[in-house]
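Grab a coffee and work through these short exercises. Try each task yourself before you read its solution.

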Amino acid sequence: VYLNPNSNAYFLTHFSHPSLLPLVIILVSSPNLCFISKIKSTGWNGEFGELLSVQKISEWEIKPALNETENQDSKLENSYPLSEMQQKIWNQSVASGKGIYHEQFLFELDKFPEVSEIRSAFSDIWNCFPQLRIKIEQSGNSWRQTIEDFPADFRALETDQSPEIVLKNDIEEGFVNQLMRCVFFKFDKKFYLLWSHHHVLLDGWSVGILIHRFISLLDGEVI
């Protein structure tokens with residue numbers, strides 16, 4: 001504990017040693033209590049406002065803060081709010097119905113690996129990026145996103161369907177759980193791959209990177 005001569009407030013820098021426990025906190029009687037922020041900066045958290053009425057350090061209810069890695073994992077496991085841009089996109093999507101912000105990329109395939117390899121590459125992309133596996137639900141007046149364990153939505157159609165029909169059906173279905181999917185199909189002796197996703201997941205720049213990664217996996221590159 002040391003005294004800051006400029007503010008007449010004590011700052012607690014370390015209190016892990018048992019010998020500090022009997023100390024009576026004379027700090028709380030000071031009119032310029034600035035030590036709470038210092039406690040936070042040392043890696044502790046708790047109900048700091050309640051400390052002002054506690055007389056002994058031994059009675060403080062303070063728990064260690066999560067380290068950076070644990071804190072990031074905790075954020076991934078729990079729901080968190082949409083960004084401002086995501087909020088705008090999702091609100092317009094909900095208000096306008098199916099079709100808006102439903103992005104579709106249709107590829108005609110000349111050469112391609114086995115369908116199982118295409119499925120595997122798409123699943124690798126899906127599992128590699130948790131932000132693709134979000135579920136968006138309303139919480140009060142705002143929307144929150146939660147990372148789920150949804151499986152990758154890859155489909156290989158068994159019957160021939162024209163690209164126009166597949167595109168139309170994809171729009172009509174919309175997105176219920178997964179907000180991204182991939183459909184392999186054939187028509188008139190040609191093979192196609194439809195990649196579709198909701199714009200709330202990816203902007204134009206990001207989807208270009210993601211599809212490039214997908215193609216690289218199909219080419220057998222180690223990423």
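Buried means under 20% relative accessible area, exposed over 50%, and partly exposed in between, using a 1.4 Å probe and protein chains only. The model is predicted, so to speak only where confidence allows: local features need pLDDT of at least 70, side-chain atom pairs count only at pLDDT 80 or more, and totals for chains, interfaces and linings use all residues. Residues are numbered from 1 along each chain as its sequence is written, and side-chain values use heavy atoms, leaving out hydrogens and water.

**Exercise 1.** Work out whether Asp-188 is buried or exposed, and where it sits.

Solution. Start with the place: Asp-188 is in the loop between β10 (180–187) and β11 (190–198); strands are DSSP runs of E, at least two residues, and helices runs of H or I, at least four, numbered from the N terminus. Next, its relative accessibility is 55%, so Asp-188 counts as exposed. Finally, check the backbone: its phi is near 55 degrees, a positive value in a non-glycine residue. Most residues other than glycine have a negative phi.

**Exercise 2.** Do the same for Tyr-101.

Solution. Tyr-101 lies in the loop between α3 (84–96) and β6 (102–109). Its phi is positive too, about 65 degrees. With a relative accessible area of 23%, Tyr-101 is partly exposed.

**Exercise 3.** How many disulfides does the structure hold?

Solution. A disulfide is a pair of cysteine sulfur atoms within 2.5 Å. The structure holds zero. As for accessibility, Cys-128 is partly exposed at 39%, whereas Cys-182 is buried at 0%.
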